[in-house]
Amino acid sequence: MRRLSQLYQRVITLCRGIKDGKDDPPAPSPQLHNNANSSTPVRDFSPHRLVIVIMFRNIVTAIVLASAYIGSAVAFTGDATFFDPGLGACGAINNANDFIVALSPSEYAGGAHCFQRIFVTYQGRSVDATVVDLCPGCGPGSIDLSPAAFSQLASLDVGRIHGVNWNFE
């Protein structure tokens with residue numbers, strides 16, 4: 001979220017740079033002329049208009065980067081269960097009191113997310129957990145939490161909760 005805020009501030013700064021150019025004379029509209037070696041008309045831009053074009057390009061770049069960042073923060077939805085921790089697929093030994101999670105094979109991605117944190121929400125409750133294991137029986141979007149992490153969302157007596165949302169932090 002901090003990266004998105006920084007990109008937003010950059011766009012605002014770039015926009016202010018265009019707006020604050022009060023001392024600059026108004027830019028004439030571009031003139032079309034034919035190049036002596038070509039029959040294609042060529043636009044002649046003033047320096048002021050060129051600055052605006054460059055600023056626009058930077059704003060578009062910032063928007064594209066922001067949307068890519070937002071896309072990387074995609075929320076997943078699925079079921080949550082809990083398991084008895086031990087030696088996980090990421091190589092760490094954990095216990096039932098640790099706030100940890102095992103991901104489905106598609107999200108585990110061969111260990112690419114080992115030790116990354118996720119933020120999980122369910123019916124107004126939330127918990128942060130660290131990825132330490134693979135859950136081979138979990139479907140896409142579903143997670144397997146330690147008892148300590150699961151109990152932050154629901155009673156262990158429930159066993160499985162549906163409609164859990166989560167994303168990588």
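How many disulfides does the structure hold? The exercises below work on a predicted model, and the opening question is settled in the first solution.

**Exercise 1. Count the disulfides and describe how the bonded cysteines are paired along the chain.**

Solution. The structure holds 2 disulfides. One of them joins Cys 90 to Cys 114, with an S to S distance of 2.0 Å, and another joins Cys 135 to Cys 138, with an S to S distance of 2.1 Å. When the bonded cysteines of the protein chain are numbered in sequence order, the pairing reads 1-2, 3-4.

**Exercise 2. Determine the handedness of each disulfide from its S-S torsion, and place the cysteines in their surroundings.**

Solution. Begin with Cys 90 and Cys 114, where the torsion about the S-S bond is about -85°, so this disulfide is left-handed. Next, locate the partners: Cys 90 lies in the loop between β3 and β4 (100–103), while Cys 114 lies in the loop between α3 (105–108) and β5 (117–122), so the pair ties together parts that are 24 residues apart in sequence. As for accessibility, buried means under 20% relative accessible area; Cys 90, at 15%, therefore counts as buried, whereas Cys 114, at 23%, counts as partly exposed.

Turn then to Cys 135 and Cys 138, where the torsion about the S-S bond is about 75°, so this disulfide is right-handed. Both Cys 135 and Cys 138 are buried.

**Exercise 3. Find the aromatic pairs, and work out the geometry and location of the one formed by Phe 76 and Phe 168.**

Solution. A search of the whole structure finds 4 aromatic pairs. In the pair of Phe 76 and Phe 168, the ring centres are 5.9 Å apart and the planes meet at 85°; planes over 60 degrees apart count as edge-to-face, and the pair is classed accordingly. Phe 76 lies in strand β3 (residues 76–82) and Phe 168 in strand β8 (residues 161–168), so the pair ties together parts that are 92 residues apart in sequence. Phe 168, at 13% relative accessibility, counts as buried. Ring pairs also link Phe 76, Trp 166 and Phe 168 into a cluster.

**Exercise 4. Characterise the pair formed by Phe 82 and Phe 150, including the accessibility of each residue.**

Solution. The pair of Phe 82 and Phe 150 is tilted, at 5.2 Å centre to centre and with 55° between the planes. Phe 82 belongs to strand β3 and Phe 150 to helix α4 (residues 147–150), so that this pair links distant parts of the chain, 68 residues apart. Phe 82 is partly exposed, with a relative accessible area of 31%, whereas Phe 150 is buried, with a relative accessible area of 0%.

Terms used:
Residues numbered from 1 in each chain as written. Predicted model: local features only at pLDDT ≥ 70, side-chain atom pairs only at ≥ 80, totals over all residues. Heavy atoms only, no water. Phe/Tyr/Trp six-rings, centres within 6.5 Å; stacked < 30°, edge-to-face > 60°. Helix = DSSP H or I, 4+ residues; strand = E, 2+ residues; numbered from the N terminus. Buried < 20%, exposed > 50% of the residue type's maximum accessible area, 1.4 Å probe, protein only. Disulfide = S-S within 2.5 Å.
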